[in-house]
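Work through the exercises below with the sequence and the structure in view. Each task is followed by its solution in steps.

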Amino acid sequence: MVASKGAVQQEPAYVIHRRPWRETALLVDLFTLNHGRMSLVARGANSAKSPLKAQLQPFQPLLVDWTGRSDLKTLVQLEVRSAPLLRKTLSLYSGLYINELLQRVLPVADPYPTLFASYIDTLQALTGLAGRGDLEPLLRRFEREFCSALGYDFAWDQATDTGLPVSAGQVYGYDPAQGIVSAASRDARLNQLPGEVLTALAAGDYTSEASRKTAKRVMRVLVDYLLQGKPLHSRNLFSQTVSSSGRT
């Protein structure tokens, strides 16, 4: 909610990154409902006596007031809202992964309300995560929502270079600027994608290992394309600490 020019009140938000700033402040990146990614200075939040350091935590739903006319706003106050915590290692690292995607790729001050809703749904699903079999479809669907919000949506079952539907028994390629392409396309970053698997993914079917593997290959290429060479530290967390689960 906008209170006056340069001031915002009661804005739904989540912390996606924070770091020390100057002597006792924190520089906080938020993902917000109506303003997208925002950077705020939380003055005094890094001091021992401030409650803000404990409140400005990732995955914690907040209502935030800020003020300021530049890109860097000043936190005025916040209200903490209740939510279940991400306790399991896979859930926590998955949450860190999607936070890092938002923090590194989203432009400043562009609202993405549909993506914000998907983010909340994904966090809620992560709190009840049973295992890796449930994790992969969850992350792939969020990646699709994320890329779609940035204008990079595509259909699993449509070859964009020919305009023809994908056929079982044929193989296809993938190009991040176009989507699924025919095997003959010179622009393909990936090749040998089975048509029957792409058709299953179009129906939301991630049950087979082939579907999960194909979706992961495609989304990795697209996410890396959007990152433009920026590293994702959360991928290293997976490889170093959860070696049995592989990379995100």
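Helices and strands here are DSSP runs, with at least four residues for a helix (H or I) and at least two for a strand (E), numbered from the N terminus. The model is a predicted one.

**Exercise 1. An annotated region**

Task: Find the residues that UniProt lists for the RecO N-terminal domain, and state how much helix and strand the chain has there.

Solution.
Step 1. The unreviewed UniProt entry lists residues 10–81 for "domain: DNA replication/recombination mediator RecO N-terminal".
Step 2. Over residues 10–81, 58% of the chain is strand and 6% is helix.
Step 3. The C-alpha atoms at the two ends of this stretch are 12 Å apart.

**Exercise 2. The partners of strand 2**

Task: Determine how strand 2 is joined to strand 3 and to strand 5.

Solution.
Step 1. Strand 2 covers residues 7–21, and five bridges join it to strand 5, residues 62–67. The two run antiparallel. Ala7 has Thr67 as its bridge partner in strand 5.
Step 2. Strand 3 spans residues 25–32 and is joined to strand 2 by eight bridges, again in an antiparallel arrangement. Here Val15 stands opposite Leu30.
Step 3. Three residues lie between strand 2 and strand 3, which form a hairpin. In the turn, Arg22 has a positive phi of about 55 degrees.

**Exercise 3. A three-stranded sheet and its helices**

Task: Give the strand order of the open sheet with three strands, then place helix 5 and helix 6 against it.

Solution.
Step 1. The order is 8-7-9, with antiparallel pairing. Strand 8 (179–182) and strand 9 (190–194) are the edge strands, each pairing on one side only.
Step 2. On average, neighbouring strands of this sheet are turned by 45 degrees against each other, direction ignored.
Step 3. Strand 7 (residues 171–175) is joined to strand 9 by three bridges. Tyr174 stands opposite Leu190 of strand 9.
Step 4. Helix 5, residues 195–202, lies across strand 7, strand 8 and strand 9, and runs at about 80 degrees to strand 9. Helix 6, residues 209–227, packs on the sheet and touches strand 7 and strand 9. The direction of helix 6 makes about 150 degrees with that of strand 9.

**Exercise 4. Helix 5 against helix 6**

Task: Classify the angle between helix 5 and helix 6.

Solution.
Step 1. The axes are 9 Å apart, and the helices pack at an angle of about 85 degrees.
Step 2. Angles of 65 to 115 degrees count as roughly perpendicular. Helix 5 and helix 6 are therefore roughly perpendicular to each other.
Step 3. Val197, Leu198, Ala200 and Leu201 of helix 5 meet Ala210, Ser211, Thr214 and Ala215 of helix 6. By class, this contact has six nonpolar, two polar and no charged residues.

**Exercise 5. The two contacts of helix 2**

Task: Describe how helix 2 packs with helix 3 and with helix 6.

Solution.
Step 1. Helix 2 (residues 89–105) and helix 3 (residues 113–127) have axes that come within 10 Å and cross at roughly 165 degrees. That makes the pair roughly antiparallel. The crossing is left-handed.
Step 2. Residues in this contact include Ser91, Gly95 and Ile98 of helix 2 and Leu115, Tyr119 and Leu123 of helix 3. By class, the contact of helix 2 with helix 3 has six nonpolar, five polar and no charged residues.
Step 3. The axes of helix 2 and helix 6 also come within 10 Å, crossing at roughly 35 degrees. Tyr97, Leu101, Arg104 and Val105 of helix 2 meet Val223, Leu226 and Leu227 of helix 6. This contact has six nonpolar, no polar and one charged residues.

Terms used:
Residues numbered from 1 in each chain as written. Predicted model: local features only at pLDDT ≥ 70, side-chain atom pairs only at ≥ 80, totals over all residues. Heavy atoms only, no water. Axes fitted to C-alpha atoms, helices over the stretch in contact; angles between N-to-C directions. Parallel < 35°, antiparallel > 145°, perpendicular 65-115°, else oblique. Left-handed = near helix turned anticlockwise from the far one by under 90°. Contact = heavy atoms within 4.5 Å. Nonpolar A, V, L, I, M, F, W, Y, C, P; charged D, E, K, R; others polar. Pairing = 2+ DSSP bridges. UniProt positions renumbered as here; feature names shortened; annotations may be inferred.
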